[in-house]
Amino acid sequence: MPLYEHVFLARQDVSAQQVEQMVEQYKALIAEHEGSVGKVETWGLRTLTYRINKNRKAHYTLMNLTASPAAVAEMERQMRLNEDVLRFMTLKVDEHEEEQSAMMQKRDRDDRRGGGRGGRGERGDRGDRGGDRGDRGDRGDRGPRRFEEE
């Protein structure tokens, strides 16, 4: 049977438990068509690049499938009907990767660094950009500012 990688985005309003229920529903559908679902990675709630149906965030999930094209077509049909699924994409692959996906490796790397984006990590404080900005009061050859009533 062909091998596929399938990623779908669920609405931000849906809980993580409901996303897991959707994954179980699609696993059962694939199993009915004599296929199997290998690795399932939940990438969590992530910010979208642009809004989709008024959603700024979505729950991302990756599934490795071994299934017939008919089973994949039926799963995609049901995803189109499900209002909680914003987008999905299925790719046919030659083999499944056994290790973590690039998204999960990136998350692990950010966790080890300490804080990810918000922690300033290796970049330092904003004050370390160089250059002394203490001379802003100096107006150069224009002289000091005067606010006089006329």
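Start with the whole chain: of its 150 residues, 28% count as buried. The model on screen is a predicted one. Its accessible surface comes to about 11,100 Å², and carbon and sulfur atoms account for 43% of that.

**The fold**

Switch to a cartoon view. The chain has three helices and four strands, and from start to end they run in the pattern β-α-β-β-α-β-α. Now turn on contacts between residues at least 6 apart in sequence: 74% of them join residues at least 24 apart.

**The largest nonpolar core**

Select Phe8, Met22, Tyr26, Ile30, Met63, Leu65 and Met75. Within the largest nonpolar core, which has 19 residues, these touch the most other members. To see where the core comes from, colour strand E1 (3-11), helix H1 (16-32), strand E3 (55-66) and helix H2 (69-81); each of them supplies at least two of its residues. Which element gives the most to this core? That is H1, with six residues.

Next, centre on Met75. Setting aside neighbours within four places in sequence, its contacts are His6, Tyr26, Leu29, Ile30, Met63 and Leu65.

Then select Leu9, Ala58, Leu62 and Leu86. They are among the ten residues of a second core, separate from the one above.

**Two aromatic pairs**

The structure holds two aromatic pairs. For one of them, show the side chains of Phe8 and Tyr26. Their ring centres are 6.0 Å apart and the ring planes meet at 75°, so this pair is edge-to-face. Phe8 belongs to strand E1 and Tyr26 to helix H1, so the pair ties together parts 18 residues apart in sequence. Are these two residues buried or exposed? Both Phe8 and Tyr26 are buried.

For the other pair, select Trp43 and Tyr60. Here the ring centres lie 6.3 Å apart with the planes at 25°, so the pair is stacked. Trp43 sits in strand E2 and Tyr60 in strand E3, and the pair links these distant parts of the chain, 17 residues apart. Trp43 and Tyr60 are both buried as well.

**A buried glutamate**

Stay with Trp43 and add Glu41, which lies in strand E2 (residues 36-52). Why does Glu41 count as buried? Its relative accessibility is 7%, and the cut-off for buried is under 20%. What joins the side chains of Glu41 and Trp43? Draw the distance between them to find a polar contact of 3.0 Å. Trp43 thus appears twice on this tour, in the stacked pair with Tyr60 and in the polar contact with Glu41.

Methods: Residues numbered from 1 in each chain as written. Predicted model: local features only at pLDDT ≥ 70, side-chain atom pairs only at ≥ 80, totals over all residues. Heavy atoms only, no water. Core = buried A, V, L, I, M, F, W, Y, C linked by side-chain atoms within 4.5 Å. Buried < 20%, exposed > 50% of the residue type's maximum accessible area, 1.4 Å probe, protein only. Contact = heavy atoms within 4.5 Å. Areas by Shrake-Rupley, 256 points an atom, 1.4 Å probe, with all protein chains shown as cover. Polar contact = N/O pair within 3.5 Å; in protein donor to acceptor, adjacent residues only side chain to side chain. Phe/Tyr/Trp six-rings, centres within 6.5 Å; stacked < 30°, edge-to-face > 60°.
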